[in-house]
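Subject: Structure handover

Hello,

Here is the structure I promised you. Please open it alongside this note; my findings follow below.

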Amino acid sequence: MRLTRIRLRQIRMPLVRPFETSFGRTEERRIVLVEVEDSDGAAGWGEVTCGERPFYNEEWVGAAWLVLRDFAAPRVLGAEVRSAAEVGALTSAVRGHRMALGGLEAACWELEARKAGHPLWWHIGGERTVIPCGVSIGIQDSVEDLLELVETELDAGYQRIKIKIKPGKDVDVVRSVRARFPSVALMADANSAYSLGDLGRLKALDEFGLTMLEQPLGHDELIDHATVQAAMRTPICLDECIRTAHHAEQAIRLGACRIINIKLGRVGGFAEAIRVHDVCRAEGVPVWCGGMLEAGIGRAHNIALSTLRNFSLPGDVSASKRYWSQDILERPVEVSRRGTIAVPDRPGLGFDLDLDRIEALCERRVELT
């Protein structure tokens, strides 16, 4: 594979409804799309999943654009690689910025799969042709609003409900949801909003039979997560902490978690995501695919990732219509009434892009050769 052209596009998409977490409210997304082209003129697409502000991690859209344009693309253009799995080595001099690099790497995997005539999910070693889906619900203005949304999502068929929490909107909120929906698979996501000093409050969540508590402590904290996990019956799931397979190995060895969320962008693309998956599988630690309010390209990549064998828990790969009045795919991602997505069997992503829609949403673009 030899890339001869890389196109960056930044699009702007308003969400159907605001999405709030412990670090703020998002009403629209600015997303960098990466299109790569090889010497044969074949193309592949990726999506950079970082937020508009450096709050989830240190990355944000403005930085991702510069990292791709000025540092990553020049290292990849014109280079010969035997497979997409080697693309990450070309950009290894760039420290951090895994979401930016992951968007580029994912585009190369899609290009390679498309040229081989394979569905991307099959090309990466996936096995599932149907994936189970959960849904993530942001912090709401009132408990009543939250309960109404949970009921709507359960009526739509989703197999697991995740609710965002933060100090002041945690134990009582979870108690209300559990009281209304006693048998639903329910989890809470703190997005690093707590410290070890909040252990007593976190332990209070044990009474609600949660499937997991996601990332209660700092984004780079492993040791204190081990303390929390040892004190709680509820499985701790790590998200922000796990950026590499080595981090996963460390977390498992320390007893810092019993579940790991794999986000394609956070770990820098498919090659590292597969390595994290394999580490967890070998240790008997289940994984699932987290979401970052992706548009259709990122959502399609998440579907492919979720077909790997150890993705045994419902992920955040939900329907396009939950987020967008109109996605950037010709046919949006849909979830069945059973809370599943049928994995496409066409080459590459398996979805046709709505190129007119992408161009209409585009705020800036650059072509690199």
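One definition before the packing results: contact means heavy atoms within 4.5 Å. Keep in mind that this is a predicted model.

**Helix α10**

I started with helix α10, residues 270–283. Its 14 residues should span 20 Å at 1.5 Å a residue. The end C-alpha atoms are 20 Å apart, so the helix agrees with that expectation.

Which residues of α10 are buried? They are Phe-270, Ala-271, Glu-272, Ala-273, Ile-274, Val-276, His-277, Val-279 and Cys-280. Buried here means under 20% relative accessible area. What do these buried residues pack against? The helical partners are α3, α4 (120–123), α9 (245–254) and α11 (296–305). The strand partners are β10 (259–262) and β11 (287–289).

Just after α10 comes Gly-284. Its phi is positive, near 75°.

**α9 against α10**

Now take one of those partners. α9 and α10 pack at an angle of about 25°, and their axes lie 8 Å apart. Angles under 35 degrees count as roughly parallel. The two helices are therefore roughly parallel to each other. Their crossing is right-handed.

From α9, the contact uses Ala-245, Ala-248, Glu-249 and Ile-252. From α10, it uses Glu-272, Arg-275, Val-276, Val-279, Cys-280 and Glu-283. By class, this contact has six nonpolar residues, four charged and no polar. Glu-272, Val-276, Val-279 and Cys-280 also appear among the buried residues of α10.

**α1 against α3**

The second helix pair is α1 (residues 61–76) with α3 (residues 98–116). These pack at about 50°, with axes 9 Å apart. That angle makes α1 oblique to α3. This crossing is right-handed.

α1 contributes Ala-64, Val-67, Leu-68, Ala-72 and Val-76. α3 contributes Ala-100, Leu-101 and Leu-104. How does this contact divide by class? It has eight nonpolar residues, no polar and no charged.

A reminder on helix geometry: an α-helix has 3.6 residues a turn, so residues three or four places apart point the same way.

**Cys-50**

Cys-50 sits in the loop between β3 (43–48) and α1. Is it buried or exposed? Cys-50 is buried, with a relative accessible area of 1%.

Leave aside its neighbours within four places in sequence. Cys-50 is then in contact with Arg-29, Glu-59, Trp-60, Val-61, Ala-64 and Met-99. Ala-64 also takes part in the contact of α1 with α3. Leu-33 is 17 residues from Cys-50 along the chain, and their C-alpha atoms are separated by 11 Å.

**Positive phi outside glycine**

Most residues other than glycine have a negative phi. Two residues here are worth a look on that count.

- Ser-192 has a positive phi of about 65° and is not a glycine. It is found in the loop between β7 (186–189) and α7 (199–203). Ser-192 is partly exposed, at 23% relative accessible area.
- Leu-293 has a phi near 55°, again positive in a residue other than glycine. Its place is in the loop between β11 and α11. Leu-293 counts as buried, because its relative accessibility is 12%.

**Leu-196 and Ala-89**

Leu-196 lies in the loop between β7 and α7. It is partly exposed, with a relative accessible area of 31%. Neighbours within four places aside, Leu-196 is in contact with Leu-217, Asp-224, Thr-227 and Val-228. Met-13 is 183 residues from Leu-196 in sequence and 37 Å away in space, C-alpha to C-alpha.

Ala-89 lies in helix α2 (residues 87–90). It is exposed, with a relative accessible area of 58%. How far apart are Ala-89 and Cys-362 in space? They are 30 Å apart, C-alpha to C-alpha, and 273 residues apart in sequence.

That is the full handover.

Best wishes

Note on methods:
Residues are numbered from 1 along each chain as its sequence is written. This is a predicted model: local features need pLDDT of at least 70, side-chain atom pairs count only at pLDDT 80 or more; totals for chains, interfaces and linings use all residues. Side-chain values use heavy atoms; hydrogens and water are left out. Axes are lines fitted to C-alpha atoms, for helices over the stretch in contact, and angles run from 0 to 180 degrees between N-to-C directions. Helices (H or I, at least four residues) and strands (E, at least two) are DSSP runs, numbered from the N terminus. Angles under 35 degrees count as roughly parallel, over 145 as roughly antiparallel, 65 to 115 as roughly perpendicular and the rest as oblique. A crossing is left-handed if the near helix is turned anticlockwise from the far one by less than a right angle, and right-handed if clockwise. Ala, Val, Leu, Ile, Met, Phe, Trp, Tyr, Cys and Pro count as nonpolar, Asp, Glu, Lys and Arg as charged, and the others, Gly among them, as polar. The expected span of a helix is 1.5 Å times one less than its number of residues. Buried means under 20% relative accessible area, exposed over 50%, partly exposed in between (1.4 Å probe, protein chains only).
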